[in-house]
Amino acid sequence: MGRLLKKKTENQLQKKKLKIKATQDENAETPSAEVKSRKSGEISIAQTEKASKDPSASRSVARPVKKTAVAKGLEFFQEARAELLKVVWPSRTQAMASTGVVIVLVIILSFFLGIADAVLTRLVQLALN
């Protein structure tokens, strides 16, 4: 593994560990029944428990807010960008080497299939005559 790539992955691991620790600390401070979802439009556990215990509350449960097509599209592109930032792209030399291997293999296989085709064609012609 390259020195820069190794350093980059170590930094990413440290960031992930810090995020996990922060969420664990945050969850330890709040009771689990009152933890609210971070995503918009979802119902928290506390809200559902209150609705089930309160007889005066209406029987209908609050429904999540529907996202518009524009909001869904924006969310998709934000998530796609985040995923593309995680990709480790090959260097130019790695890409050129891989391309060379593919081209050589295609040439070898095309010669093999061409020879096999010629032999089988000749055999079929001999069998028919």
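**Reading a four-helix chain**

Leu126 is found in helix H4, which covers residues 92-128. The model is predicted.

Me: How many helices and strands are there in the chain?
Reply: There are four helices and zero strands. Read from the N terminus, the order of the elements is α-α-α-α.

Me: What share of the residues in the chain is buried?
Reply: A residue is called buried when its relative accessible area is under 20%. Here, buried residues make up 2% of the 129 residues. The chain exposes about 12400 Å², and carbon and sulfur atoms supply 64% of that area.

Me: Back to Leu126: is this residue buried or exposed?
Reply: The label exposed requires a relative accessible area over 50%. Leu126 has 53%, so this leucine counts as exposed.

Me: Which residues form a nonpolar patch on the surface with Leu126?
Reply: A residue can join a patch when its relative accessible area is over 30% and it has no salt bridge, and nonpolar side chains are joined within 5 Å. In this model Leu126 forms a nonpolar patch with Ile115, Val119, Leu120 and Leu123. Together these five residues have about 500 Å² of accessible area.

Me: How should I read salt bridges, and how many does the structure hold?
Reply: Side chains of opposite charge can pair when their charged atoms come close. The cut-off used here is 4 Å between a side-chain nitrogen of Lys or Arg and a carboxyl oxygen of Asp or Glu. The structure holds two such pairs.

Me: Which residue forms a salt bridge with Lys67?
Reply: The partner is Glu75, and the closest N and O atoms are 2.8 Å apart. Lys67 is partly exposed, at 39% relative accessibility. Glu75 is also partly exposed, at 30%.

Me: Where do Lys86 and Glu83 lie?
Reply: Both are in helix H3, three residues apart, or about one turn of the helix. Lys86 forms a salt bridge with Glu83, with 3.3 Å between the closest N and O atoms. Lys86 counts as exposed at 55% relative accessibility, whereas Glu83 counts as partly exposed at 46%.

Me: Which residues line the largest pocket?
Reply: A lining residue has an atom within 4 Å of a point of the pocket. The lining consists of Gln12, Lys15, Lys16, Lys19, Ala82, Leu85 and Lys86. Lys86 therefore appears both in this lining and in the salt bridge with Glu83, given the cut-offs above. The space in the pocket is about 280 Å³.

Me: Which helix gives the most to the lining of the largest pocket?
Reply: H1 does, with four residues. Helix H1 (3-29) and helix H3 (69-86) each supply at least two residues of the lining.

Me: How many residues of that lining are nonpolar, polar and charged?
Reply: Two are nonpolar, one is polar and four are charged.

Methods
Residues are numbered from 1 along each chain as its sequence is written. This is a predicted model: local features need pLDDT of at least 70, side-chain atom pairs count only at pLDDT 80 or more; totals for chains, interfaces and linings use all residues. Side-chain values use heavy atoms; hydrogens and water are left out. On a 1 Å grid over the protein atoms alone, a cavity is a set of points where a 1.4 Å probe fits but cannot get out, and a pocket is an open set with protein on both sides within 12 Å along at least five of seven lines; lining residues have an atom within 4 Å of a point. Grid points are joined across faces, edges and corners, and a volume is the space filled by probe spheres set on the points. Ala, Val, Leu, Ile, Met, Phe, Trp, Tyr, Cys and Pro count as nonpolar, Asp, Glu, Lys and Arg as charged, and the others, Gly among them, as polar. Patches are made of residues with over 30% relative accessible area and no salt bridge: like charges are joined within 9 Å, nonpolar side chains (Val, Leu, Ile, Met, Phe, Trp, Tyr) within 5 Å. Accessible areas come from the Shrake-Rupley method with a 1.4 Å probe; for residues, only the protein chains shown count as cover. Buried means under 20% relative accessible area, exposed over 50%, partly exposed in between (1.4 Å probe, protein chains only).
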